[in-house]
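These are my notebook entries on a single chain, written in the order in which I looked things up. I began with the aromatic side chains and then moved on to a helix start and a strand.

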Amino acid sequence: MLLDRSLRLKSLPEYPFARIDRLKKEAKVDIIDLGIGDPDLPTPEYIISALKNAIDNPITHQYPPYSGYSSLRCEIASWYKKRFDVDLNPDKEILPLLGSKEGIAHILFSIINPCDYVLTPDPGYPVYKSATILSGGIPRIVPLLSKNGFLPDLDNIDPNGCKAFFLNYPNNPTGATCSLDFLKDLVHFARKNNIIILFDLAYSEVYFDEKPPSLLQIDGGMDVGIEFHSFSKTYNMAGWRLGFCVGNRDIIKSLLDLKTNLDSGIFGAIQYAGISALKNEGFVDEMRKVYKRRLDILTDGLSSCGFKVDMPKATFYLWASIKGPSLDFSEKLLKDTGVVATPGIGFGKYGEGFIRFSVASPDERIKEAVSRIKKWHSFQQ
């Protein structure tokens, strides 16, 4: 049988990191992967213990509620109140997800119609653009430029025909953060133009100075949007697939109605593990120290090689300025040193001229990567 793929799937660009993945498999040297955003630190033992205990509970062997266990939603509400001083209705303003990516990928199917425009940041998480295309929308690119601190220039955005706006702070890939004042301007922009804000807050707890703010802390924020959160980055639970979204109850209800037709909920034992995760702040404090130490090692090392890098205020990524095409640079770096970095072009055309390093690798491997890059860079000059 000759398969003719759907037009929607055909319309997607090639996955931007496929070439790098092929080169990794073909490499003849020891690979140090500083390209991947998958935490290498183990899931905390207290979370694993909660999962093991929950597995013995027969209720977790049955289909869970589509909206998630009430106990998980109540714990999320408690965490949100403590973290952001925001009150949430657990029954109407919180929805657990099969990872934040799942919610981000599906939300547009529930709120836009074919040919609606969706504002997508560039550089940005590739799923924003692919979700827009798959749902029948049209991406309208919003440049994130270094001169603006990688924040969108709201005064220069064409809102005509736009239904939604993806944003992500702390930002992947740049490591940029935003202020409450920016979020106030964003809420005003959304209200004025009747645009839904889809705020990706997956890195809210990976910060090193000021705590990143929530859209829902702003008066009117609840009226215009929702936020996505991830257990992957905060609790090293990437493979567990657990996240949640919070905010406007009509948007939450739309996503829930869609999901009842697409999946059968989150394994109950994982939900109980999530409840346990949210109750422990000590682990998260230690996690931040680890990432800060690693970023210091990488920032100092790359700076000594002549790279233009700034220590990020949040995330575990380092966004480095380079000369020449980023894909060519990343390929040469991999072939010559075995160090993997993600080409900026993979995050959009405004990512060109940059590469992204991740510190989701042990300290010693990062030190070794710096040593290799120094030797390589010296040879290149």
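Entry 1, the aromatic cluster. I first looked for groups of rings and found that Trp79, Tyr80, Phe84, Phe231, Tyr235 and Phe244 form one aromatic cluster. I note at the outset that the model is a predicted one. The count of aromatic pairs comes to 20. One of them joins tyrosine 80 and phenylalanine 84, whose ring centres lie 4.8 Å apart with the planes at 45°, so I entered the pair as tilted. Both residues belong to helix α4 (residues 70–84), where, being four residues apart, they are separated by about one helical turn. I then checked their exposure: tyrosine 80 is buried at a relative accessible area of 0%, and phenylalanine 84 also counts as buried, at 3%.

The rings of phenylalanine 231 and tyrosine 235 have centres 5.6 Å apart and planes at 35°, so this pair is tilted too. Here the helix is α9 (residues 231–235), and the two residues, four apart, are again separated by about one helical turn. Phenylalanine 231 is buried, with a relative accessible area of 1%, while tyrosine 235 counts as buried at 3%.

Entry 2, the start of α10. I went next to asparagine 248, which is placed in the loop between β8 (243–247) and α10 (249–259). What does asparagine 248 do at the N-terminal end of α10? It caps that end, with a side-chain oxygen 3.0 Å from the backbone nitrogen of aspartate 250. I also found the backbone nitrogen of isoleucine 251 at 3.1 Å from a polar atom of the asparagine 248 side chain. Asparagine 248 is buried, at a relative accessible area of 13%, and, leaving aside neighbours within four places in sequence, it is in contact with Met222, Asp223, Gly225 and Ile226.

Entry 3, the buried face of α10. I listed the buried residues of this helix as Ile251, Ile252, Leu255, Leu256, Leu258 and Lys259. Viewed down the axis of α10, they fall within an arc of 160°, so they line one face of the helix. I then asked what covers the buried residues of α10. The cover includes β2 (94–97), α5 (100–111), β6 (196–200), α8 (221–224), β7 (225–230) and β8.

Entry 4, strand β12. I turned to residues 354–358 and found this strand mostly covered, five of its five residues being buried. Phe354, Arg356 and Ser358 point one way from β12, whereas Ile355 and Phe357 point the other way. I set beside this the general rule that side chains in a regular strand alternate between the two faces of the sheet.

For the pairing, I found β9 (residues 317–321) running antiparallel to β12 and joined to it by five bridges, with serine 358 as the bridge partner of tyrosine 317. Strand β11 (residues 342–343) also pairs with β12 in the antiparallel sense, over two bridges, and there proline 343 has isoleucine 355 as its bridge partner.

Entry 5, charges over rings. Tyrosine 317 came up again here, as the charged end of arginine 356 sits over its ring, 4.0 Å from the centre. I recorded a further case in which the charged end of arginine 288 sits over the ring of tyrosine 207, at 4.2 Å from its centre.

Technical notes. Residues numbered from 1 in each chain as written. Predicted model: local features only at pLDDT ≥ 70, side-chain atom pairs only at ≥ 80, totals over all residues. Heavy atoms only, no water. Buried < 20%, exposed > 50% of the residue type's maximum accessible area, 1.4 Å probe, protein only. Polar contact = N/O pair within 3.5 Å; in protein donor to acceptor, adjacent residues only side chain to side chain. Contact = heavy atoms within 4.5 Å. Phe/Tyr/Trp six-rings, centres within 6.5 Å; stacked < 30°, edge-to-face > 60°. Lys NZ or Arg CZ within 6 Å of the ring centre and 35° of its normal. Arc of directions from axis to C-beta. Pairing = 2+ DSSP bridges.
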